[in-house]
Amino acid sequence: MPNLKYQVLLVLVIFASCLSNNSNKSPIYIPRTIEFPKFKLKVPGGWEKLDVHDSVKGSLTNGKDTLFFEFGENVPIVGREDVDSNVFAMDTIDGFLANVVMPISKERIYIRMSIEGVYSKTNFFIECKNAKNVEDILDIITSIQFPEGDKHLGYQLTKSDFSQIGGNNEKGGQIYRTHCETCHHVTRNILGPSFEEILKIRDRKWLTRYLTDPKFKYKDGISKDWEKSSGGLECIAPHTLTQSDVAELYKYIKYMQYYYSHPVY
Ligand code: HEC
């Protein structure tokens, strides 16, 4: 005969664990008021305050242009929804991948930049609305340094770095479509390995050499493995592109990589 005392104990333990599961923060479904440090507002059922401990906001101005910035979790990211109406530039700012956008239309120039994943989940966003001096704004936003950034990878963006990535007239996309698209995709392996996979192993400098120097006939174990998994097919990329072609192509690949990893909101 099983011990009754243990059976009762078991039932109690199960009951207690159910209770503690239910008491985990479940959303509150009644309309209520949420308070913030300087204001409060009313929300319908289901809305909750997000705990953003480390958000820092601020702005700076010279009287003509004003920059507004925000740093923290859940800070907006300059994303793919802007593709049709903006020109893009993407590069490394203090070692982090930064995405910068400006509108195609010259009438109202805003400049927005975001950097994702500074200190893992923290994003940085900075914006200038109605920019009067675009070059100055670009100088300021690309001068940003983070305590944990990498000072060796600094880069100075200029207006000429902007192009409409993904647009028909954009050089990097043209090179990609003419010479690479049949066999490579940015994120998927098709006939050849994806550029995402390639760029985990080869860097920008290597890629530049591969595509600009006909004498650089490179094959190591990794190339041979790729060749094997492509059924013995070899890359037919031209080795006669110019440095600036490769820079454009690289920018395009980087942008598309970003694009695929950010679904439309
Ligand atoms: C006919 C199909 C084809 C085309 C077109 C093609 N590739 Fe490839 N590519 C491959 C295959 C297959 C591999 C893997 C085997 C190899 O390395 O040769 C590869 C490998 C590569 C590698 C890795 C080489 C290594 O050893 O690390 C790079 C980089 C690359 N391709 C870039 C490009 C670029 C850039 C373009 C366009 C300018 C391009 N490829 C066009 C088929 C192609």
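## Exercises on strand pairing, burial and the ligand shell

Asn99 has Ser114 in strand E7 as its bridge partner. The model in which this pair occurs is a predicted one. The exercises below start from this pair and then move outward to the rest of the chain.

**Exercise 1.** Determine which strands pair with E7, and in what sense.

*Solution.*
Step 1. Ser114 belongs to E7, and E7 spans residues 111-118. Asn99 falls within strand E6, residues 96-103.
Step 2. E6 and E7 run antiparallel and are joined by four bridges.
Step 3. E7 is also joined to E8 by six bridges, and this pair too is antiparallel. Within it, Val118 is bridged to Thr122 of E8.
Step 4. Three residues separate E7 from E8, and the two strands form a hairpin. Tyr119, in the turn, has a positive phi of about 55°.

**Exercise 2.** Place these strands in their sheet by stating its order and its edge strands.

*Solution.*
Step 1. The sheet is open, has six strands and follows the order E3-E4-E8-E7-E6-E5, with antiparallel pairing.
Step 2. Strand E3 (56-61) and strand E5 (86-93) are the edges, each pairing on one side only.
Step 3. From one strand to the next, the twist averages 15°.
Step 4. On the E5 side, E5 and E6 pair in the antiparallel sense over eight bridges. In this pairing, Thr92 stands opposite Leu97 of E6.

**Exercise 3.** Which helices lie across strands of the sheet, and at what angles do they run?

*Solution.*
Step 1. Helix H2 (residues 134-142) lies across E4, E5, E7 and E8, and runs at about 10° to E7.
Step 2. Helix H7 (residues 243-260) lies across E5 and E6, and runs at about 100° to E5.
Step 3. E7, one of the strands that H2 lies across, is mostly covered, with seven of its eight residues buried.

**Exercise 4.** Is E1 covered, or does it lie largely in the open?

*Solution.*
Step 1. Strand E1 comprises residues 32-36, and the number of these five residues that are buried is zero.
Step 2. E1 therefore lies largely in the open.
Step 3. E1 does have a partner: it pairs with strand E2 (residues 39-43) in the antiparallel sense over five bridges. Thr33 stands opposite Lys42 of E2, and two residues separate the strands in their hairpin.

**Exercise 5.** Assign Gly72 and Glu148 to a burial class from their C-beta neighbours inside 10 Å.

*Solution.*
Step 1. The cut-offs are 20 or more neighbours for buried and 12 or fewer for exposed, with partly exposed in between.
Step 2. Gly72, in strand E4, has 16 such neighbours and so counts as partly exposed.
Step 3. Glu148, in the loop between H2 and H3, has 10 and so counts as exposed.
Step 4. Each residue can also be located by a partner in space. Gly72 is 50 residues from Thr122 in sequence, with 4.8 Å between their C-alpha atoms. Glu148 is 29 residues from Tyr119 in sequence, with 8.0 Å between their C-alpha atoms.

**Exercise 6.** Why do the buried residues of H3 line one face of the helix?

*Solution.*
Step 1. The buried residues in H3 include Gly172, Gly173 and Cys180.
Step 2. Viewed down the axis of H3, the buried residues fall within an arc of 100°, so they line one face.
Step 3. Arg177 and Thr178 are exposed, on the face turned away from the buried side.
Step 4. H7 is included in what covers the buried residues of H3.

**Exercise 7.** Describe the shell around the ligand by its residues, elements and classes.

*Solution.*
Step 1. The ligand is surrounded by 24 residues, and the closest are Cys180, Cys183, Gly192, Ser223 and Cys235.
Step 2. Helix H3 (171-180), helix H5 (204-212) and helix H6 (221-229) are the elements giving two or more residues to this shell.
Step 3. H6 gives the most, with four residues.
Step 4. By class, the shell has 15 nonpolar, six polar and three charged residues.
Step 5. Cys180 links this exercise to the previous one: this residue is buried in H3 and is among the closest to the ligand.

Notes:
Residues are numbered from 1 along each chain as its sequence is written. This is a predicted model: local features need pLDDT of at least 70, side-chain atom pairs count only at pLDDT 80 or more; totals for chains, interfaces and linings use all residues. Two strands pair if DSSP finds at least two bridges between them. Axes are lines fitted to C-alpha atoms, for helices over the stretch in contact, and angles run from 0 to 180 degrees between N-to-C directions. Two residues are in contact if their C-beta atoms, placed from the backbone, lie within 7 Å. A residue is near a molecule or strand if its C-beta atom, placed from the backbone, lies within 6 Å of it. Ala, Val, Leu, Ile, Met, Phe, Trp, Tyr, Cys and Pro count as nonpolar, Asp, Glu, Lys and Arg as charged, and the others, Gly among them, as polar. The arc is that of the directions from the helix axis to the C-beta atoms.
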